Amino acid sequence: MSTANTVLLVVSALLALGGAVGTIAAARPLRAALALLVNIVALAGVFLSLHAQFLAMVQLIVYAGAVVVLFVFVIMMVGATGKVPRSPRGLATKTVSLVVMSVVSLVLVFGVAYVSMPAAHLPHGYGTVEGLGAVLFTQAAVPFELVSITLLVAVVGALAVARGRTPKEAAEARARRAAEGLEADARLAEERRISAEVSAHGGH
Amino acid sequence: MNAWLLVAPLGVLAFAGLGIMLIDAFSPGRAELAGVTTTALLMAGLISVVALLSGVDPGELPRSLRAFIAVDHAGLYFDVVICAGAALSALLAGGYLKEHHLERGEYYVLLIFSALGAMILARAVDLITLFIGLETMSLGVYCMIAYRRTSIRATEGALKYFLLGSFAAAILLFGTALIYGATGHTDLAGIGNVLAAGGADARLVLLALALIVVGLAFKVSAVPFHMWTPDAYEGAPTPTTTFMAVAVKTAGFAIMLRMLITAFGDPLSASPETGWPPLIAGIAILSMIYGNVAGLAQTSVKRMLAYSSIAHAGYILVAVAVSYAAREQAIASVLYYLLAYTVSNVLAFGSLILLGSRGKEAVTYEDLAGAGRRHPLAALPLVIGVLSLMGFPPTAGFFAKYYVLTTALSIGGGMVWVAIILVLSSALGAYYYLKVIVFLFMKEPQAGAPKAVPMRSGYVAFALVLAGYFVIKMGVTPEPYLRMAVDAAQSFIS
């Protein structure tokens, strides 16, 4: 790995880490979204340092260009300017989870840092549009087709969860509300009758 | 016979899913989608059975296909179990969704694609297909839980499952990235070869193994990764709960076996002292004890069945833990257990659906009070279902537990203690299963309490008859099913 490459990797990785922490630590939704943008752009830098040029470009276009913009749109639209409410969890829970997660992270970091990995042999055209396309449509055609089903499920699922009430459901909800209203009226009338009776018999 | 028969079940489901979307788009609300979905799933299952029996040579299939999707007998066996579970869930949905005015086409599309995802996961022989299958299955299930939009509980369960599920998937993905880094392979067989040759750093391999086991333990709802289970099971529409308990669990165990035996089958990773067997056995012990103890305290039958599913994950994990030694026997007992568990669960959940009607769902023990005497025919499947889950002869559940137990005992050593825990904890679990029967037949509803009124549905009745037949059949003559399981287990060993 050349020096320039190492510098790119270290800077991008630190930025990505900072962005990730900022995303979950920011109290305002908009700041969290912008921190996510930093994380995503920095990750594109990490990909570049690994010779995955096409992936870096896709990362920028899809995530930075589309996903984060979508997040920002939604935040602006629903007007989520307020701060995130403080977590109701106690100090003990927070400390325990912090310790556990730190131990797990440190084990992972040291586990990965001092091991020898086989040096990867980069095939010709690795990371370019051409190279990726060739792999995708020759060797990995099956998973490529299967991913389309995953995306289809996501679309149908979003539709199923987010769509409005059907006319039948809406009619039912109206009927239920009306029935509840009638019930409340009846209860009120009953109460009036009882109180009238009580006052009529007065003093018993 | 044509070799494409081996992957035809996947194709049938993919096209059926697209077909149902088209039918729903062009004639909304008119077609009997539950019937279409069930037919497609049963057809896929039937093709798998035919392929299992015919002994097709998979060599004719293109290499690029075999590199990602298993075409062995184990894959076909899992197809049968998943298709059966999904078809029975679709039948239950046909009754349930109509009764509760939730009938919309999306549900069946999600169900059929989730089943397809589960089958891809169960057949994955490459880390890439593993992740695609996992996500396809999970995305569908998340949405099927959140399907009843007006219910806060459904939304809560779905969101919990979604967040924790994404987290678990990320952990699994991290593990797969590490094992790729350690071995340079994404195919399970290639990973297994490198590990067996000792060509990878042991620390990295164990780390990857631990992360992958955590990710998979989450999917089969084993302790301590079970937190989402009760809420998701209770909040989901009951047919979704059924699907989660049968198909998702089957796929989870299928890929766990493939991972542990094909990829991590080397002497170091599978060492009974420092490898995955003690890890899995520990998770199994925790699941059996926690599932059964927490199950005792429940007032909701649906929630009780969620804890029972945690306990059953523990029983199955006992067999997985010994699969490093008594390979054929252990794997076959896992496979048999999954089939028995599928039909028993459909019986229990299906009967719970049948005993409730719109606005009067049977969810708690109190709802069931006296229902057995008022509606004996609707309650009978529930009785058989809980008896089978309990492991009472002559039901499918008895032989399932029996095979796991004998396998664990045949290893000896520490596994004897695990077997003892299995017996004791299932004895504990008998209490909450029998409580269902006590409430059905020996209690009366409290004065003024709403009584559950059974619904009428040909779909649910058909599912119950089908599941009930197999629960009894597998309990009286288990041999043919066990032979099928042993035959499928062979494909892990070669």
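Here are some notes on a two-chain model, which is predicted, taking chain B before chain A.

1. Let's start with the fold of chain B. Helices do the work here: there are 21 of them, and the strand count is 0. The radius of gyration comes out at 21 Å, close to the 23 Å that the globule rule gives for 494 residues, so chain B is as compact as a globular protein of that length. If you want a feel for its dimensions, the C-alpha trace spans about 70 × 55 × 40 Å along the principal axes.

2. Next, how chain B is packed. Of its 494 residues, 63% are buried. Take the contacts with a separation of 6 or more: 82% of them join residues 24 or more positions apart in the sequence.

3. Now for the inside of chain B. The largest nonpolar core has 210 residues, and B:Tyr161 and B:Phe264 are the members that touch the most others. Helix α14, covering residues 327–354, gives the most to this core, with 19 residues. As background, nonpolar side chains tend to be buried together in soluble globular proteins.

4. B:Tyr161 deserves a closer look on your screen. Leaving out residues up to four places away in sequence, B:Tyr161 touches B:Val141, B:Tyr142 and B:Ile145, then B:Phe218, B:Lys219, B:Trp228 and B:Ala232, and finally B:Met244 and B:Val248.

5. What about the surface of chain B? About 16600 Å² is exposed, and carbon and sulfur atoms supply 69% of that area. As for charge, chain B carries 28 positive and 25 negative side chains, with the centres of the two sets 9 Å apart.

6. One residue to click on is B:Val50, which sits in helix α2 (residues 33–54) of chain B. Is B:Val50 buried or exposed? Neither, quite: its relative accessibility is 42%, and since partly exposed covers the range between 20% and 50%, that is the class it gets. B:Val50 and B:Leu76 are 26 residues apart in sequence, and their C-alpha atoms are 9.6 Å apart in space.

7. On to chain A. It has 7 helices and 0 strands, so to speak a plain run of α-α-α-α-α-α-α when read along the sequence. Buried residues make up 20% of its 204 residues. Among contacts with a separation of 6 or more in chain A, 61% are between residues 24 or more positions apart.

8. Last, the surface of chain A. Chain A exposes about 14500 Å², and 73% of this comes from carbon and sulfur atoms.

Technical notes:
Residues are numbered from 1 along each chain as its sequence is written. Chains are lettered from A and ligands numbered from 1 in the order in which they are written. This is a predicted model: local features need pLDDT of at least 70, side-chain atom pairs count only at pLDDT 80 or more; totals for chains, interfaces and linings use all residues. Side-chain values use heavy atoms; hydrogens and water are left out. Helices (H or I, at least four residues) and strands (E, at least two) are DSSP runs, numbered from the N terminus. The radius of gyration is taken over C-alpha atoms; the globule rule is 2.2 Å times the number of residues to the power 0.38. Buried means under 20% relative accessible area, exposed over 50%, partly exposed in between (1.4 Å probe, protein chains only). Contact means heavy atoms within 4.5 Å. Accessible areas come from the Shrake-Rupley method with a 1.4 Å probe; for residues, only the protein chains shown count as cover. Lys and Arg count as positive and Asp and Glu as negative; His and the chain ends are not counted. The place of a charge is taken as NZ of Lys, CZ of Arg, CG of Asp or CD of Glu. A nonpolar core is a set of buried Ala, Val, Leu, Ile, Met, Phe, Trp, Tyr and Cys residues joined through side-chain atoms within 4.5 Å.
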